[in-house]
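I am starting a fresh page for this structure. My plan is to look up a few places and write down what I find.

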Amino acid sequence: MKLPEYSIKYKAVVIFTMVMLFGGGIFAYFKMGKLEDPVFTIKTAVIVTPWPGASPHEVEQQVTDVIEKAAQSSDQVDNIHSISQAGLSIVYVDLNEKNRTAQVQQLWDMLRRKVNGVQGNLPRGAGPSQVMDDYADVYGIFLALTGDGYTNAALKKYADYLKRELLLVPDVSKIQIFGSQTQAVYVEISKSRLADLGIHPGRITKALSGQNRMLDAGGVETDVRRIRVATPGDFKSIHEIENLVIQSGDKESFLLKDIATIKRDYVKPAQPTMRFNGNPAMGIAISASTGANVVTMGDAVQKRTDELMADLPVGINLEEVYFQSEFVKGAIKSFIVNLLESVAIVIGVLLLTMGIRSGLLIASGLVLSIMGTLVIMLAFGINLQRISLAALILVMGMIVDNSIVVTDGSLVNLQKGKNRFFSMVSPAVETAWPLLGATLIACLAFLPIYLAPTPSGEYCASLFQVVAIALLLSWVLAMCQAPVFNHILLKTNKKGKDPHGGWVYKIYAIGLGVSLKYRKSVLSLLVVVMAASGIAFNYVPKMFFADSDKAQFFINYWLPQGAKIETVSRDIKIIETHLGQIPEIKNFAATIGAGGPRYITSISPEVENPAYGQLIINVFDYKKIKELIPALESWIAQKFPESDPQFSVYINGPRADFKVEARFSGPDPLVLRQLSQRAKDIMENNPRAKNIRDNWRQRVQVYTPSYSQNKGRKAGVEREHLAQAMKQINDGMPVSYYREEENKIPVCLKISSQNTEVTDLKSTPLWGAGPESVPLGQVISSANITWEDPLVRRYNRRRAITAQCDTTSGVTSDSLLNELRPLIEAIPLSRGYMLEWDGEYDLSKTGNEGVQKFFPLIVLLIAFILVTLFNGFKQPMIIGLLIPFAVVGMALGLFVTGEAFGFLALLGAYSLIGMLIKNAVVLLDQIDLEIREGKDSLEAVKDSCMNRMRPVMMASATTILGMLPLLPDPMFSSMAVTIMFGLTFATLLTLIVTPVLYTLFFRIKTVSV
């Protein structure tokens, strides 16, 4: 017994199942995870290796190179890029994108073993290396703790308290505190005072470290037990440090406080800080557990913070910099509204064109398909987010295709006076395999997205998952639910009534007749139209992903490399004052000296750099951002001409640091800088480019006192003593620790001097093995101020510098690249040097190649299904010839609307092909069926077209109009335009060109038409 027959005979089972499906969908909606954007894993780990005192090039050659070799030998590594700077090596390891999330942790463990294995190859004083595989963690909640009049240390205390309590909130995974300053106890003494008293700094260092060192004194043995001997003496307060006894060279004793100033302060140079609305703040970043519902986690955090803040002192406030759950609520609400609008539009179209009864019957299948899809999404852990909800809207019109064919067939049978049971069962049985094949083909059109081994593929993976679930479920419902509901509710129309007697059918019959009579002319016209659309497509702008509608943007603020963090902080303070006077701005946060935690997947936090700051700006209306950015750019350029700000908005998908990036690689840093400068000059000459720079930044000054072995050893001063003296007189040198509760506060010895200029450093006193100090000038052969590269970057183990720029407003990266590319590629490269294009071009190229990688396989699968359905080759060839013509409507739509052809428009094109094939399959199957029943070939073609006209037009109309809610969405507008215009023209292809090609392929004479 076939499924449609079984369903009608056992109606109660089907009806009960449908009720359960509807209730399950409602339950699933409230239980399933909800996110703003899909989760995609950034498959990057960071290996950090310190080597204090080394220059950037020394770090590169002796540390970074060793780490890179070890990382390269690990499995599944795709790219390695590194930054070598003074005293620090940072190596980024990117895994091959084909590795899914479940495999990543095992690969990081292997990388960790490889790096640990080469620690012995690092130079003395370097390391240990730290492999940070949590670099990609996203802290979806970013809060700012402020307190009027509270110190940074006090804010840190309250931030630690909140962290401890919030970690207990369900679904909270990690909490990171940003902006805290490390405290230190400074023992400051003037160099003249040391000389007058004859105190060697080593005596102070030895006294501080010896007094505070933990010592094991063993234990006392008695007859029956052992008693541990404790030797207390470590510092319990600053007062004890002040009263430390110091002896001079002639054995005279002093209290430390009598010869030095002891004060508690923050470590110099200053560490990264944070402000909110211009006030000092402490950042608290919170990440959700894997698979958690961000909305419920955010609500739980909000509730708990409200409780905790009630117990904190007056003046302590907790502000929101980025609260993902609020953005998720807004995005989900917007998309649910779009989804309901789409459902209403589709149902409205069905009611107008199919009649109230038929329309409601098909609409019930639509609603049940959506509910069933939600149930399966919950079962497989597919969250509700931007892409999955868009997939539901995208598939809305396609869901009803199968039910339309079955219901339309039942109506036609009833109008022809056939048996009711036969009328309900026959359409479902006759079209079961063609509809299943067409449904599978429509699903396969989205499969390349899911299989693409790229970040964009992982980001859009739920598009295929949701479409496949919804379409296959709609076929099942068309085979069981549609016949049952039709059998119960369809009204028997007056027998003998012509089902194709309407005016729409008459107009179509005339057009079909003319097309078949002049079929060669029709095809020639189509070829001309397709050629014209191909030309128009060249004028369609290209972009990867569209900008987001998030009501937030950010400014990356740079001063020339080498600038002090205090200078950056001063500039940003002035900018904050200006921002506070702009009514469109809701609030703003600033991080100085480093980027904040990764609070959104597409933003990579900037590494610690004193010359850098970032402003995160929230606005009331995202539409105002396009007006605010040019005004702020102009204001900052006038106010801070030496600055190098970059204004950025969020995009819906993976993001490049800059729109256009030209990467030069080779051995010589000087040659690389020259190549980069030539590329930047070309960018400067293009008025459509802005934010022009390179990623090596400006060269910086270095003071280099050259130690003389002869002079130094005669004076009893070693190279180590020189470094210690310079450290003591500038930053202060840590010599011990003061323990306060669970914190270890460094105790630093600092020797003060009235001379602070670089030219005066030759008089810096050095203490070596002897009791007396000698000036620095007596133990060095020369002292020069030179220039060095502060950042040495490498890409895949080659030194690489990248010239970067963004586009001006309204310009796409593709169009700017097309202008810059021939000029930059014309720069002559010496042997051993190479130019590669990065930025959005590389992301787009990688994303498109990832989708196209499995396209040949999909084509073969589709061809196999078509050949299997028709048991022949001519019908699949007809469908294959239709596909290139689909570009006509798509190109026209993008050209007319000005929408860019990007990654999502490409996905729309794939789905368009699937819809076109599905409609063509339904029509061709009907033609073959009627010919097999013995009807004249030409009559079979005409009658089949008339029979399938309404289902094809209905399927197209519901899909086209169902896309309307996506048109205002910045992310999906290009995809909606592609499908709406493309499917409109594809419907014409199906109803006119398909019969024309069929009569040509099967040599059916049409002259008499």
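Before the first entry, a term I need: I count two residues as in contact when they have heavy atoms within 4.5 Å. I also note that this is a predicted model.

**Entry 1: what covers a helix**

I began with α26, which runs over residues 813–825. I listed its buried residues: Ser813, Leu816, Leu817, Leu820 and Ile824. Then I asked what covers the buried residues of α26. I found that the cover includes four strands and two helices by label: β20 (660–665), β21 (689–694), β29 (798–807) and β30 (834–839), with α23 (669–684) and α27 (840–853).

I also checked the span of α26. Its 13 residues reach 17 Å from first C-alpha to last, close to the 18 Å expected at 1.5 Å a residue. There is a kink, though. I place it at glutamate 819, with a value of about 30°, shortly before proline 822.

**Entry 2: one serine**

Next I looked up serine 973, which sits in helix α33 (residues 973–1001). Is serine 973 buried or exposed? I read 4% relative accessibility, and the cut-off for buried is under 20%, so serine 973 counts as buried.

I then looked for its partners. Leaving aside neighbours within four places in sequence, serine 973 is in contact with Glu899, Leu966 and Leu967. With glutamate 899 the link is a polar contact, side chain to side chain, at 3.1 Å.

**Entry 3: empty space**

I turned to the cavities. Rolling a probe the size of a water molecule over the atoms shows where empty space is left. How many cavities of 30 Å³ or more does a search of the whole structure find? I noted four. The largest has a volume of about 60 Å³. Its lining includes Asp401, Leu435, Lys918, Pro951 and Ala955. Elements giving two or more residues to that lining are α14 (396–415), α31 (903–932) and α32 (937–962).

I followed α31 further. It has 30 residues and reaches 44 Å from its first C-alpha to its last, close to the 44 Å expected. I see 27 of those 30 residues buried, so α31 is largely enclosed by the rest of the structure. Just after α31, I found glycine 934 with a positive phi of about 100°.

**Entry 4: the whole chain**

Last, I stepped back. I recorded 33 helices and 30 strands. The C-alpha trace spans about 125 × 75 × 60 Å along its principal axes. Of the 1009 residues, 54% count as buried. Among contacts between residues at least 6 apart in sequence, 81% join residues at least 24 apart.

Methods. Residues numbered from 1 in each chain as written. Predicted model: local features only at pLDDT ≥ 70, side-chain atom pairs only at ≥ 80, totals over all residues. Heavy atoms only, no water. Expected span 1.5 Å × (residues − 1). Bend = angle between axes of the 7 residues up to and from the residue. Buried < 20%, exposed > 50% of the residue type's maximum accessible area, 1.4 Å probe, protein only. Polar contact = N/O pair within 3.5 Å; in protein donor to acceptor, adjacent residues only side chain to side chain. 1 Å grid on protein atoms, 1.4 Å probe; cavity = no way out; pocket = protein on both sides within 12 Å on 5 of 7 lines; lining within 4 Å. Points joined across faces, edges and corners; volume = space filled by probe spheres on them.
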